[in-house]
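Hi,

Here is the structure I said I'd pass on to you. Have it open while you read the rest of this email, and turn it around as you go.

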Amino acid sequence: MVLEVALIDVAPGQESDFATAYRSAVKELIGVEGCRSVRMTQGIETPSRFVLLVEWDSVEAHEQNFRATERFARWRAAIGPYFAGPPHVEHFTDVETE
């Protein structure tokens, strides 16, 4: 499993509109092959900062099954206008315990 973490800064004053757009656009992620879960969080201390957490089967599932498709274009068109700047996106794996 791979965790995609996207730090998204939204233009101040646009937080509510961004959240509404996300609720509508999340359907573009749900059901994508290799996507296990999707969660968006909003900052308490910095309400214009959001963190998108998506569990994928692999980095390839994210990139090939979503980023390289029309679904991503629709997703970005819906939420992108609210960005204060480009999101910072990284992938993570769990640290194994004994």
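Below is what I found in it, going from the whole chain down to a few single residues.

One thing to keep in mind from the start: this is a predicted model.

**The whole chain**

The chain is built from three helices and four strands. If you walk along the sequence, they come in the order β-α-β-β-α-α-β. The radius of gyration is 14 Å, close to the 13 Å that the globule rule gives for 98 residues, so the chain is as compact as a globular protein of that length. Along its principal axes, the C-alpha trace spans about 45 × 35 × 20 Å.

Now for inside and outside. Of the 98 residues, 34% count as buried. The accessible surface comes to about 6,100 Å², and carbon and sulfur atoms make up 50% of that. I also looked at who touches whom: among contacts with a separation of 6 or more, 71% are between residues 24 or more positions apart.

**The core**

The largest nonpolar core has 23 residues, and the ones that touch the most other members are Ile8, Phe18, Leu52, Trp56 and Trp75. Two or more residues of this core come from each of β1 (2–9), α1, β2, β3, α2 and α3.

Try clicking on Trp56. Not counting residues up to four places away in sequence, it touches Met1, Val2, Glu4, Leu29, Val32, Glu33, Gly34, Cys35, Arg36, Ala61, His62 and Phe66.

**The three helices**

Here's a handy bit of background: an α-helix has 3.6 residues a turn, so residues three or four places apart point the same way. Keep that in mind while you look at each helix in turn.

Start with α1 (15–25). Its buried residues are Glu15, Phe18, Ala19, Ala21, Tyr22 and Ala25. They cover an arc of only 165 degrees around the axis, which puts them on the same side of α1. Ser16 and Arg23, on the other side, are exposed. The cover over the buried residues of α1 includes β1, β2, β3 and α3.

Next comes α2 (59–67). Ala61, His62 and Phe66 are buried there. Looking down the axis of α2, you'd see its buried residues within an arc of 100 degrees, so they line one face of the helix. They pack against β1, β3, α3 and β4 (88–92).

Last is α3, residues 70–79, where Phe72, Trp75 and Ile79 are buried. Their arc around the axis is only 60 degrees, which puts them on the same side of α3. Glu70 and Ala77 are exposed on the other side. The buried residues of α3 pack against α1, β3 and α2. There's a nice detail at the N-terminal end of α3, too: Thr69 caps it, with a side-chain oxygen 3.3 Å from the backbone nitrogen of Arg71.

**Three residues to look up**

Ile79 belongs to helix α3. Is Ile79 buried or exposed? Its relative accessible area is 1%, so Ile79 is buried. Apart from residues up to four places away in sequence, Ile79 touches Phe18, Ala21, Tyr22 and Ala25. Ile79 and Val26 are 53 residues apart along the chain, while their C-alpha atoms are separated by 9.7 Å.

Ser48 sits in the loop between β2 (35–42) and β3 (49–56). Which way would you guess for this loop residue, buried or exposed? With a relative accessible area of 16%, Ser48 is buried, since the cut-off for buried is under 20%. Leaving aside neighbours within four places in sequence, Ser48 is in contact with Ile8, Asp9, Val10 and Glu15.

Glu63 lies in helix α2. At 42% relative accessibility, Glu63 counts as partly exposed. Setting aside neighbours within four places in sequence, Glu63 is in contact with Ala68 and His91. Now find Pro47 as well: Glu63 and Pro47 are 16 residues apart in sequence and 29 Å apart in space, C-alpha to C-alpha.

Have a look around and write back with any questions.

Cheers

How values were computed. Residues are numbered from 1 along each chain as its sequence is written. This is a predicted model: local features need pLDDT of at least 70, side-chain atom pairs count only at pLDDT 80 or more; totals for chains, interfaces and linings use all residues. Side-chain values use heavy atoms; hydrogens and water are left out. Buried means under 20% relative accessible area, exposed over 50%, partly exposed in between (1.4 Å probe, protein chains only). Contact means heavy atoms within 4.5 Å. The arc is that of the directions from the helix axis to the C-beta atoms. A polar contact is a pair of N or O atoms within 3.5 Å; within protein, one must be able to donate a hydrogen and the other to accept it, and residues adjacent in sequence count only if both atoms are side-chain atoms. The radius of gyration is taken over C-alpha atoms; the globule rule is 2.2 Å times the number of residues to the power 0.38. Accessible areas come from the Shrake-Rupley method with a 1.4 Å probe; for residues, only the protein chains shown count as cover. A nonpolar core is a set of buried Ala, Val, Leu, Ile, Met, Phe, Trp, Tyr and Cys residues joined through side-chain atoms within 4.5 Å.
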